[in-house]
Amino acid sequence: RHLRNSISHYHFTVLENENEKIGSIKFEDKTSKGYQTFELTIEIEPLKKFLLKFSEEMIRIMKAAKNG
């Protein structure tokens with residue numbers, strides 16, 4: 001829930017690495033009063049690997065559902 005909130009409410013910061021490329025993303029969730037309830041920094045390469053694997057699996061599931 002916290003990660004979803006962070007993304008949907010734009011509570012994330014893109015952090016550059018030494019090559020001035022995206023190195024990691026810092027996600028935060030806050031209460032309506034501004035209290036931080038969640039913080040997570042994810043390096044880009046593991047995130048990319050996860051998202052590619054996740055999307056491949058979703059495509060496989062959708063194809064299987066379509067083919068009945």
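## The sheet

In this predicted model, three strands come together as an open sheet, arranged in the order β1-β2-β3 with antiparallel pairing. The two strands at the edges are β1 and β3, and each of them pairs on one side only. If you compare the directions of neighbouring strands in this sheet, ignoring which way they run, they are turned by 15° against each other on average.

How many bridges hold each pair? Strand β1 covers residues 12–16 and strand β2 covers residues 22–30, and these two are joined in the antiparallel sense by five bridges. Strand β3 spans residues 36–43, and its antiparallel pairing with β2 runs over seven bridges.

## Partners and turns

Let's walk through the bridges with a few residues you can find in the structure. Start with Glu-16: its bridge partner in β2 is Ile-22. Moving on to the other pairing, Ser-24 has Glu-43 as its bridge partner in β3, while Phe-27 is matched with Leu-40 in β3.

Now look at the turns. β1 and β2 make a hairpin with five residues between them, and in this turn Glu-20 has a positive phi of about 60°. The hairpin of β2 and β3 also has five residues between its strands; here Gly-34 takes a positive phi near 90°.

A general point helps when you look at a strand from the side. In a regular strand, side chains alternate between the two faces of the sheet.

## Helices and the overall order

Step back from the sheet and you will count two helices and three strands in the protein. Followed along the sequence, these elements give the pattern α-β-β-β-α.

Where does helix α2 sit? It packs on the sheet, where it touches β2 and β3, and its direction makes about 90° with that of β3.

## The nonpolar core

Which residues make up the largest nonpolar core? There are five: Ile-25, Phe-27, Ile-42, Ile-44 and Leu-47. The elements giving two or more residues to this core are β2 and α2, the helix of residues 44–66. You have already met Phe-27 as the bridge partner of Leu-40, so to speak from the sheet's side.

Leu-47 is a good residue to click on. Leaving out residues up to four places away in sequence, Leu-47 touches Ile-25 and Ile-42.

## Along helix α2

Another leucine to look for is Leu-51, which lies in helix α2. Is Leu-51 buried or partly exposed? Leu-51 counts as partly exposed because its relative accessibility is 45%, and the partly exposed range goes from 20% to 50%.

From Leu-51 you can also follow the chain to Asn-67, 16 residues apart from it in sequence; the C-alpha atoms of these two residues are separated by 24 Å.

## Overall shape and surface

How does the whole protein compare with a compact globule? For 68 residues, such a globule would have a radius of gyration near 11 Å, but this protein has 16 Å. Its C-alpha atoms fill a box of roughly 50 × 35 × 15 Å along the principal axes.

Buried residues make up 16% of the 68 residues. The protein exposes about 5,900 Å², and carbon and sulfur atoms supply 58% of that area. Finally, take the contacts with a separation of 6 or more: residues 24 or more positions apart account for 12% of them.

Definitions and conventions:
Residues are numbered from 1 along each chain as its sequence is written. This is a predicted model: local features need pLDDT of at least 70, side-chain atom pairs count only at pLDDT 80 or more; totals for chains, interfaces and linings use all residues. Side-chain values use heavy atoms; hydrogens and water are left out. Two strands pair if DSSP finds at least two bridges between them. Helices (H or I, at least four residues) and strands (E, at least two) are DSSP runs, numbered from the N terminus. A nonpolar core is a set of buried Ala, Val, Leu, Ile, Met, Phe, Trp, Tyr and Cys residues joined through side-chain atoms within 4.5 Å. Buried means under 20% relative accessible area, exposed over 50%, partly exposed in between (1.4 Å probe, protein chains only). Contact means heavy atoms within 4.5 Å. Axes are lines fitted to C-alpha atoms, for helices over the stretch in contact, and angles run from 0 to 180 degrees between N-to-C directions. The radius of gyration is taken over C-alpha atoms; the globule rule is 2.2 Å times the number of residues to the power 0.38. Accessible areas come from the Shrake-Rupley method with a 1.4 Å probe; for residues, only the protein chains shown count as cover.
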